[in-house]
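Here are a few exercises to try with the structure open beside you. Have a go at each task before you read its solution.

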Amino acid sequence: MRVASGETLSIEEVCQLRPDANGRSVEILRGVNLEVPAGRLMVVVGPSGGGKSTLLRLINRLEDPSSGRILLSGIDIATLDPLQLRRRIGVVLQVPFMYEGTVLDNLQRAFFFRDEPLPAANDAGLLQVLELCRLSLDLLARQARSLSIGQQQRVSLARTLLAAPGLLVLDEPTSALDRPTADQLGRTLQDICRQRQLSILMMTHDLRLAQRVADHAAFLDQGRIVETGESARLFENPHSEALKNFLSSPADQREDGHVG
Amino acid sequence: MSGSVIDLSIIDLVLVYGLVLIAASLARFNRIGQERDLLWSSLRMIVQLLVVGYLLKMVFTIASPLPVLLILLIMGGFAVHAVGARVKEKMPRFYQIVGLAMFTGCGGATFFFCALVIGLTPWYDPRYLIPLSGMIIGNSLTGASLAAERLTAEMKERRQEIETSLCLGATSRQASAEAVRSAFRAALIPSINAMATMGLVFLPGMMTGQILSGTEPLLAVRYQIAIMCVITASVAVTSFLILLLGYRAFFTPAHQLRIQP
């Protein structure tokens, strides 16, 4: 099977403006700098509305930044064909969208779009991804939309992994999951990172998940990277007041984005 | 005595307009406050139809292609304008797209029917060309409005699906295929329903008119069948073109959806 080697991602001085409801332009991201090393798992934590989802959308060019640049293994992504770029970067959006049809249909989707032969239910690569995502074989024939949200989250992850990206980017993958399911997904991500030499960037406000799985972490607040470092150091010994406040606020407040 | 129509004099018309007054007084009596609208609309109808009548009479006597083409162009312009009035949320480049689609769809259907099927002589014979293309344009207008309206709505409703597809490497065409299909389906529904109930609920206008003016009923039926087929094709081509040109307007060349969260 194809195992992509991990890509590095460098985000340099990225700003993003967007018009608000009154048509005035608002700075969503204000000079973001971030480095995801090859084969590492990095998390970006921060309150909702801090710019995490926008940052994610810039990485696979669902949007282009107002200024600054993003390099994938040294090449400015603005110069890459977006379709090629999206092969190298697998993005898992926050709400898993399931296409009509079975789980297998959903897993084959990327190949369908690329006009490549569809992997069969006994394809070695597909079986490996299923195992990695802890999806049982008998799910393949089920209607994807009848699955639980946790299972849909996994199908969405498996669907992206199957296309063999070199960088995996996830937006709040645990927001709809209960604690045990979220922890399990965290372990899955660690396995993926190790077994596939994959670089992973995860946006989340789930601090417990971030602390458990990440090699590196960054704190994104009000459109700025306030602090970054090894995750153990960042969470145990935060330097900035904003991060200290964020870490000590109750979980439900972090999710609602009342902090910061 | 087929071929001759009973004359309707001005006095007859005055008599009939009395019926509108009955309707208006009923409205007044029940205090629904619409008697003024009713009278105003009836006056508008009279003036508009008279203008059209004199215009047609003029075009019939001039017997030259230019005024006929001019009238067709004006009808098309009004139709595009009407589509614009019906569709609230317009896609980018709305008027160019709708105009081009209606010109191709309606123009093509009218040409096929008038020139190739019934073989008009002269080719611009206003007695056929104007009412037939009027029916084609009028029906395509409904299809065009539905297609344009549904496309924008589908693009918004399916934003999540479309962006998931883009993330999985789809082109903008692949990512919007479902939205386009669904809008196309909506655009065809009125034509399908109209054909299925044709003749059951009421007699279609063109057929009724032909029968009234003395055409043999079975010939009128044949014309009705023909015009319905032509209308269906025109609706399909017009809506399809709107969708084909329209979906691109929602994406950048870099396969990015312009509708942002």
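**Exercise 1. The hairpin in chain A**

Find how many residues lie between strand 1 and strand 2 of chain A in their hairpin, and which residue in the turn has a positive phi.

*Solution.* Bear in mind that this is a predicted model.
- Step 1: locate the strands; strand 1 of chain A covers residues 9-19 and strand 2 of chain A covers residues 25-36.
- Step 2: look at the link; five residues lie between the two strands of this hairpin, and A:G23 in the turn has a positive phi of about 85 degrees.
- Step 3: check the pairing; strand 1 and strand 2 of chain A run antiparallel and are joined by nine bridges.

**Exercise 2. The partners of A:C15**

Identify what stands opposite A:C15 in strand 2 of chain A, and then its bridge partner in strand 4 of chain A.

*Solution.*
- Step 1: in strand 2 of chain A, A:R30 stands opposite A:C15.
- Step 2: turn to strand 4 (residues 67-72) of chain A, which runs antiparallel to strand 1 of chain A and is joined to it by five bridges.
- Step 3: in strand 4 of chain A, A:S67 is the bridge partner of A:C15.

**Exercise 3. Helix 6 of chain B**

Decide whether helix 6 of chain B is mostly covered or mostly open, and look at what follows it.

*Solution.*
- Step 1: helix 6 of chain B spans residues 159-167, and seven of its nine residues are buried, so by the cut-off of under 20% relative accessible area this helix is mostly covered.
- Step 2: the buried residues include B:E161, B:I162 and B:L166.
- Step 3: after helix 6 of chain B comes B:G169, with a positive phi near 95 degrees.

**Exercise 4. Cysteines**

How many disulfides are there over all chains?

*Solution.*
- Step 1: the sulfurs of a pair must lie within 2.5 Å, and the count by this rule is zero over all chains.
- Step 2: take A:C193, which is in no disulfide; its nearest cysteine sulfur belongs to A:C133, 14 Å away. A:C193 is buried, at 7% relative accessible area.
- Step 3: take B:C114, whose sulfur is 12 Å from the closest cysteine sulfur, in B:C106, and therefore too far for a bond. B:C114 is buried, with a relative accessible area of 4%.

**Exercise 5. A nonpolar patch**

Is B:L49 buried or exposed?

*Solution.*
- Step 1: place the residue; B:L49 is in helix 2 (residues 35-62) of chain B.
- Step 2: B:L49 has 57% relative accessibility, so it counts as exposed.
- Step 3: B:L49 belongs to a nonpolar surface patch whose members include B:W40, B:M45 and B:Y54, with about 950 Å² of accessible area together for the whole patch.

Note on methods:
Residues numbered from 1 in each chain as written. Chains lettered and ligands numbered in written order. Predicted model: local features only at pLDDT ≥ 70, side-chain atom pairs only at ≥ 80, totals over all residues. Heavy atoms only, no water. Pairing = 2+ DSSP bridges. Helix = DSSP H or I, 4+ residues; strand = E, 2+ residues; numbered from the N terminus. Buried < 20%, exposed > 50% of the residue type's maximum accessible area, 1.4 Å probe, protein only. Patch = residues over 30% accessible without salt bridge, like charges linked within 9 Å, V, L, I, M, F, W, Y side chains within 5 Å. Areas by Shrake-Rupley, 256 points an atom, 1.4 Å probe, with all protein chains shown as cover. Salt bridge = Lys/Arg side-chain N within 4 Å of Asp/Glu carboxyl O.
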